[in-house]
Amino acid sequence: MTHPKDERSTQPDVGAAPSSDAMPDNGTQSTNGSNTDNQNQAQQSAQQQPSQEQKASSNSTNAAYNSGIQMAPTPSVEEVLAYQRQLLSLPVTGKLQDNINTVRELFKDCSDIIVHEFDILNGPAASLVYLDGLSDMRLIDLQILTPLQHTGTDGAHNKEAVVKCVTISAMLEAMDFENVADKIGYGHAVLFMDGVTSALVYDVINPIIRSIEEPEAETVVRGPREGFVESIRTNTTMLRRRLHTPALKMKPIFIGRYTKTATVIAFIEGIADPNLVKEMEGRLSAIDVDGMTDTSLIEEWVEDNPLSPFPQLMSTERPDVVTAHLLEGKIALISDGSPVALIAPASFMSMMQSPEDFYQRSIVATAIRWLRMLFSLITIFGPSFYVAVLSYHQEMLPTSLLLTIAVSREQIPFPALVEALLMEITFEALREAGIRLPRQVGSAVSIVGALVIGQAAIAAGIVSSPMVMVVAITAVSSFLIPNYSLGIAIRFIRFPIMLCAGILGLYGIVLAALVILIHLMTLRSFGVPYLSPLAPVQTSQLKDTLIRTSSPHALTRPHLTGSFFNRIRIRTELYKSRRNS
Amino acid sequence: MERGRISAAQVAVLSFMAVTATSLLTAPTVASSVAKQDMWLSPILASTVGFLIVWLLVKLNQAYPNQTLIEYMKKLLGRPLGVTIGLLYLLFIIQTTANVLRQFTDFIKMTFLLTTPALVIAGSMILVCALIVRGGVETVARFATLLLPVVVVLILMLYMPTIKDINAHNFEPVLSEGMTPPLKGAFRLMSWVPVFTFMNFYLPFVSNKRHMLGWAFGSVAIFTVILFVTFIFVYAILGDATPIYVYPFMVLARFISLTEFFEHLESLVMMVWVVEIVIRITFGLFSASIGLAQCLGLPQYRPLVLPISMIMVLFSYWGITNVEFVFSPEIVMYYLTFGLLLPLLLYLASLMKRRFGKQQKDTEEKGEYAV
């Protein structure tokens, strides 16, 4: 028997037409002797095939009948898969009844399939197949059934007449059942006609989407308030509404054998590096999984270093952020069923930027950016610095402060490291509970949390008040990091640093910081160094890293990869002459 | 073996930071013990040797663009002799780097972590360095350039507050005993300057070789300036007492008191020092690893990094009775032999080979004609 894993890779949805070598071997044939014969015959008559299959299986299990068991044996998984493959490989034939039978067999036990059989006025017999709820019934009634049944084809039995008759522009043609099944699954209506060897596929998808809202994780005070939703078409529309140009390309790719999630690689031709797009396409097409439920899974498949805590693709729910990055020559991934778009290549500094930076005055935005960087440093090093100073470097503190701290720590039974770990882990637990708990219980958590990290903890003599201060500052500063995934990573690396501080003091902190720095330096996102404008230094890009220059001064596009073409983003001379005239 | 590409500026920053590393903390004591108030002249005198070394290295690199010292030594001196001297040279690299590791361990143990075992300090330090070296030449170079601003800002933070304590009278009388004391001081500084020879292991990976000589001279010049400024500050503030302290730079940091809140900035010194030492050890560790791999003709140098770092930890204890031993004149001669004499001999050999090689070729050709 073949290994289960191998079986999967030869499943129907992979794309390649399955051949007889994809059939399950010996084990199946012993229970179902004429299976291979069936497949050969299937090419000629799809309609008889199912009955033959049943006949074959009943023949081979005659012994079971004889012994008095009345039930037909359950087909094994291999048999079911082989049968599915076989059905999908069939072409659309000229006989309407054959096609209907194949569709019914494919969608057997699917209660939401609708096969509507009717006669085209003055035309051939036809059958319309679609999934209930996924397709727009009103559209089908008005645009397909009404013209076909009331206007008709004037006696013509060819497909051109039908195409002329139906008033839906979004139409495709399907030649085989793999294609047909795919289209039906996406919510298209498929029209089979007697005497026509292809099926007409009409796009009548009924989009059920939630309304466009402001993304909760990335709010801004000034700036657009729309966020992506779960429907890919709506999302690409939002992008297209911002970039009215044919240069905005959206290459489709389908991921997942069963989910067949539609994914789109969006980029601007002429700005994005073609090699980057090719690389992304290559990495995406290499994915071979059962299903993709969210873009975060795609992220895990395409990123360069899966073991790093740092996110190597930027995730955002905001179309304006995606647009801005596309204009910088990056590429975006949008996937059906996920409101989160991925942007590649991502760099550390681009994730430290908030969309708000670009909507506020540049000087203020620069100041806020510095504030953010300062507080992310406090997030990383705050508690460990406290631990190191209290354990090893007491002389660094002014004497009066040292005395105060000593007094407050007098009653505490734990060393500084244990105290810090205790409080930080408690805070992380509270934070996690705050996200996961139902909203009704949320307030209870905040009340209890205030007790745990607060006056009560001090009064109980478990932690000292300076420690509570440190934890509170760390907690606040950790939420200044705009990118949530990066924020989690930064909060996580605090703990190893705290341990190093407890063991080796400031020396340990410096070493731990260097190790993290080395990791960040060796990390790459799609060939672009993670600390890109800082290491290696790219002076032209520092304008949008440590500071945020006003837009007229950002003359060149970022230099992401080796090729640096089309680099001028603003024609300054033109601007100046227009302003001065 | 190594496909990374770095720029001339990165090599310059890397080597000057590496050489500055240990000299910043201990060189004032060593120089002042012989040169007294004229010690500020010593770095300038010592820099001539530095310029000579980098000039030799760049010239040799121009003759053999894609080869390190080990490789062209094998070519110039023949394989047996080349490998033998190459191994000795690697021993020199490992030993100097181990000396630095020992200095660092002693420093941390004496000033901050009094009860921590020395092995923990040396081991954790060398592990971080090994991590960088395994990242390749690009990581090594990028690491130094990335931390340059940090080090510069921290050093300035230490210098600035001490300006008010400067006493220029400490330098009087100028050159009262002639040029001998500063020359002696310059000689003692030779336990740092020859470290510039490690640069030869980085030169083959430089992408813009045209600017290499300028950057290499700039590297030595900046090293000289930093050392000069440090000497001025240290002697102007501490005066005759400079040779008494093992780490005068630390003492300087203890002097600092800004608004009675920023006191005791010696932890800052320690942070600068840690970063600098990491760069210095990385500088040596990469050289030793790639050098050994080339010496033995191995296809990869990365597997050698961890064993060599272990050997370095061992060497940091082996035979070093105390830190003062590192600065003794015998050691200086040892440093000069490999740091200056070897490149000089190789350069002469390459010149001779070029000249006589040509003649030989000519005679051979003539011989052929004669036959």
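Me: Accessible areas come from the Shrake-Rupley method with a 1.4 Å probe. In this predicted model, what does the accessible surface of chain A come to, and what share belongs to carbon and sulfur atoms?

Reply: The surface of chain A is divided here by atom type. Its accessible total is about 28,200 Å². The share of that total on carbon and sulfur atoms is 59%.

Me: How many helices and strands does the secondary structure of chain A hold, and what percentage of its contacts between residues at least 6 apart in sequence join residues at least 24 apart?

Reply: Chain A has 581 residues, and 46% of them count as buried. Its secondary structure comprises 24 helices and 12 strands. Among contacts between residues at least 6 apart in sequence, the portion joining residues at least 24 apart is 66%.

Me: What area do chain B and chain A bury between them, and which residues of chain B lose the most area to chain A?

Reply: The interface brings 29 residues of chain B into contact with 22 residues of chain A. About 2,300 Å² is buried between the two chains, 80% of it on carbon and sulfur atoms. On the side of chain B, 26% of the buried area comes from the three residues that lose the most, namely Leu113(B), Arg142(B) and Leu146(B).

Me: Which residues form the salt bridge between Arg524(A) and its partner in chain B, and how far apart are the closest N and O atoms?

Reply: The rule finds 1 salt bridge across the interface of chain B and chain A, along with 4 residue pairs in polar contact. The cut-off for a salt bridge is 4 Å between the side-chain nitrogen and the carboxyl oxygen. Arg524(A) is paired with Glu138(B), and their closest N and O atoms are separated by 3.9 Å.

Me: Which helices of chain B each supply at least two residues of the side that touches chain A, and how do the residues of that side divide by character?

Reply: Four elements meet this condition: α4 (79-111), α5 (118-134), α6 (137-159) and α10 (266-295) of chain B. By character, the residues of chain B that touch chain A divide into 19 nonpolar, 6 polar and 4 charged.

Me: Is Thr116(B) buried or exposed, and which residue of chain A does Thr116(B) touch?

Reply: Thr116(B) sits in the loop between α4 and α5 of chain B. Its relative accessibility is 11%, so Thr116(B) counts as buried. Leaving out residues up to four places away in sequence, Thr116(B) touches Lys109(B) and Ile121(B) in its own chain, and in chain A it touches Leu504(A).

Me: Why does Val83(B) count as buried, and which residues is Val83(B) in contact with?

Reply: Val83(B) is part of helix α4 of chain B. The cut-off for buried is under 20% relative accessible area, and Val83(B) counts as buried because its value is 18%. Beyond its neighbours within four places in sequence, Val83(B) contacts Lys74(B) and Cys295(B).

Me: Where is Phe526(A) found, and what is the value of its phi?

Reply: Phe526(A) belongs to the loop between β11 (524-525) and β12 (528-529) of chain A. At 4% relative accessibility, this residue counts as buried. Phe526(A) is not a glycine, yet its phi is positive, near 55°.

Me: Which peptide bond from Ala344(A) is cis, and what is its omega?

Reply: The residue that follows the bond, Pro345(A), lies in the loop between β10 (341-344) and α15 (348-351) of chain A. The cis bond runs from Ala344(A) to Pro345(A), with omega near -10°.

Notes. Residues numbered from 1 in each chain as written. Chains lettered and ligands numbered in written order. Predicted model: local features only at pLDDT ≥ 70, side-chain atom pairs only at ≥ 80, totals over all residues. Heavy atoms only, no water. Contact = heavy atoms within 4.5 Å. Buried area = accessible area lost by both parts, 1.4 Å probe. Polar contact = N/O pair within 3.5 Å; in protein donor to acceptor, adjacent residues only side chain to side chain. Nonpolar A, V, L, I, M, F, W, Y, C, P; charged D, E, K, R; others polar. Buried < 20%, exposed > 50% of the residue type's maximum accessible area, 1.4 Å probe, protein only.
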